Amino acid sequence: TVFKQMKRTRSRGVQSQPLLSPVTQSVLISPKEQSQGILARQRLHLIEGEEDGGKHSTVLFANRVHTPSVTPGRPTRFAIKKQLIKSPHNISDKSYRELFILQQLNKLKTRKDYYPGEFGFVGFVDWFKAKEDEQYMHYVLERADFTLDNLKFASLYEYKCIFFQVLFALYVAQTEYEFMHNDLHKKNILLLNPKNSRANEYNSFCDDGKTWYTTGVRVKITDFGLSRIRLDNKRVICDAKRYSVFEPHQDVDQVFNEFRSIKILPDSWVTDEEVEEEFKKISSDSTTLQELKKTMIRDRQKQLNELRKIQQSLLPLRTLIHHSFFEDLCQKKSHFVSPQPKIRKISFTNDENDSDFLKVSPASSPSRPLEETKATTTPYSSPFALKKTVLFHDLVESPSFRNKGARQPTKERKAEGKENREKEEEINVKGEGKKELAERKVREETGKGSEVKNYTPTKLAPTRRGGRGKQQKGEEKPLRRSARLQLQVR
């Protein structure tokens, strides 16, 4: 029908109306300027040495130059995603699809019924096309501090906050726009530090009259090159070859698989304050604090396992968000201090006179107060002393993790090791065998010169490649496996 209308207008001599909207026409216009001139006009200064690349795009980092016209409070740090436009005159190209998806998702900023504060997708600032040897699309985006791939350990509360923000962002986008990400791995989940220095800053999320509160890092989902979305005019934008059908469980399955690799710190399942509060409510005297703590840890682990079973049963995403595992987030924790990722120096020393094997610099964050240890001075510097300085993440600096990772040697252990080494040196010097060693032990214990009777030294099993066990004289040579099987068959 469109072709017939165009043919009629041409036959009548009337100029045909354009079939594309003005927005689409502006996207398809070929650029005439390079990226350096556009960035200079936008007062964006690229940071040299900071560049992150992928298979299909390159991410550049830039700062906005401070001028009197820049209003305070506006962002000054940006990430610029540079992507090649393979077919510049095709509106269904991958670079154009990602532009429309970014513009549609950023409309969720105005949905205060879901997001009274920050929303769960990367902030989209601007876009432009530039021409170098070929045409490139540039997206000016919000810059993050690190990704979920950098997070190896987390407390239970931090795990809940991050996990809930990812699931809630998917729930809102799926409900409103039939959104599918199709590539939601850990590097595409960005984490941002709190905006201000207040540690008890809360981000609120609302649905069906219920509100959840999270603290600490803010989650942002990015990279929509393979995504699918439905626009306001009911038009669906996707890669028609692979992701044309709306399957909401695909992203949820990938998120649960990615979060299984994050280890929850063992001390963070239940705090001592929570155990004491629960112990006051119980009237029976038979239960102790340790038993109560074990039962509380077991109950919370069951909640997490139930959440994973519900996800495997392909129930709607709304049931996962309203699960009892996230019930703690419905109340604000006044005593909680938001974690901020900081780097601290930990030095390992192994001197003989040094009793403190692990020394930690005094912590500046009030969330996890660490005990300050005074460094003991040694009168000499041992050549065998191992001294290093290692950088650790704040999330790994819990006392339980330190005690697990590095076992602090005591004076008794050092003394036992010294005695064992001296005995081994004496045995090596005297050249005693097993029989002589057993006789000497009996003499030391009884104080007499009695000999050991009926002592048969254990023979080592012979090996094929000349290991510790050697073939004795008069001993039969061990058969190979094939020969043993032939004997069994006979």
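1. In this predicted model, helix α6 (residues 249–259) and helix α8 (residues 289–312) have axes that come within 10 Å of each other and cross at roughly 150°. Because angles over 145 degrees count as roughly antiparallel, α6 is classed as roughly antiparallel to α8. The crossing of the two helices is left-handed. On the α6 side the contact is made by V252, D253 and F256, and on the α8 side by L307, R308 and Q311.

2. The sheet to be noted here is an open one of 3 strands, in the order β6-β8-β11, with antiparallel pairing. The edge positions are taken by β6 (146–147) and β11 (218–221); each has a single partner strand, so one side of each is left without a neighbour in the sheet.

3. The pairing of β6 with β8 (residues 189–192) is antiparallel and comprises 2 bridges. Within this pairing, T147 has L190 of β8 as its bridge partner.

4. On the other flank, β8 and β11 run antiparallel and are joined by 4 bridges. Two partners in β11 may be named for the register: I189 is bridged to I221, and L191 is bridged to V219.

5. Which residues of β8 are buried on each of its faces? I189 and L191 lie on one side, L190 and L192 lie on the other, and all of them are buried, so that both faces of the strand are covered. The bridge partners named above can be placed in this pattern: L190, the partner of T147, belongs to one face, and I189 and L191 belong to the other.

6. Strand β11 may be described in a similar manner. R218 and K220 point one way, V219 and I221 point the other way, and all are buried. The charged names in this list deserve a reader's attention when the side chains are inspected: R218 and K220 are both among the buried residues of β11.

7. Helix α5 (residues 156–177) lies across β8 and β11. The helix runs at about 40° to β11.

8. R230 is a residue of strand β12 (residues 229–230). Is R230 buried or exposed? Its relative accessibility is 18%, and R230 therefore counts as buried, the cut-off for that class being under 20%. A polar atom of the R230 side chain lies 2.9 Å from the backbone oxygen of E176. Leaving aside residues up to four places away in sequence, R230 touches Q104, E176, Y177, E178, R235 and V236. E176 thus appears both in the list of contacts of R230 and as the residue whose backbone oxygen is approached by the R230 side chain.

9. E134 is found in the loop between β4 (124–131) and β5 (135–142). With a relative accessible area of 42%, E134 is partly exposed. Although E134 and P88 are separated by 46 residues in sequence, their C-alpha atoms are 9.6 Å apart in space.

Key: Residues numbered from 1 in each chain as written. Predicted model: local features only at pLDDT ≥ 70, side-chain atom pairs only at ≥ 80, totals over all residues. Heavy atoms only, no water. Pairing = 2+ DSSP bridges. Contact = heavy atoms within 4.5 Å. Axes fitted to C-alpha atoms, helices over the stretch in contact; angles between N-to-C directions. Buried < 20%, exposed > 50% of the residue type's maximum accessible area, 1.4 Å probe, protein only. Polar contact = N/O pair within 3.5 Å; in protein donor to acceptor, adjacent residues only side chain to side chain. Parallel < 35°, antiparallel > 145°, perpendicular 65-115°, else oblique. Left-handed = near helix turned anticlockwise from the far one by under 90°.
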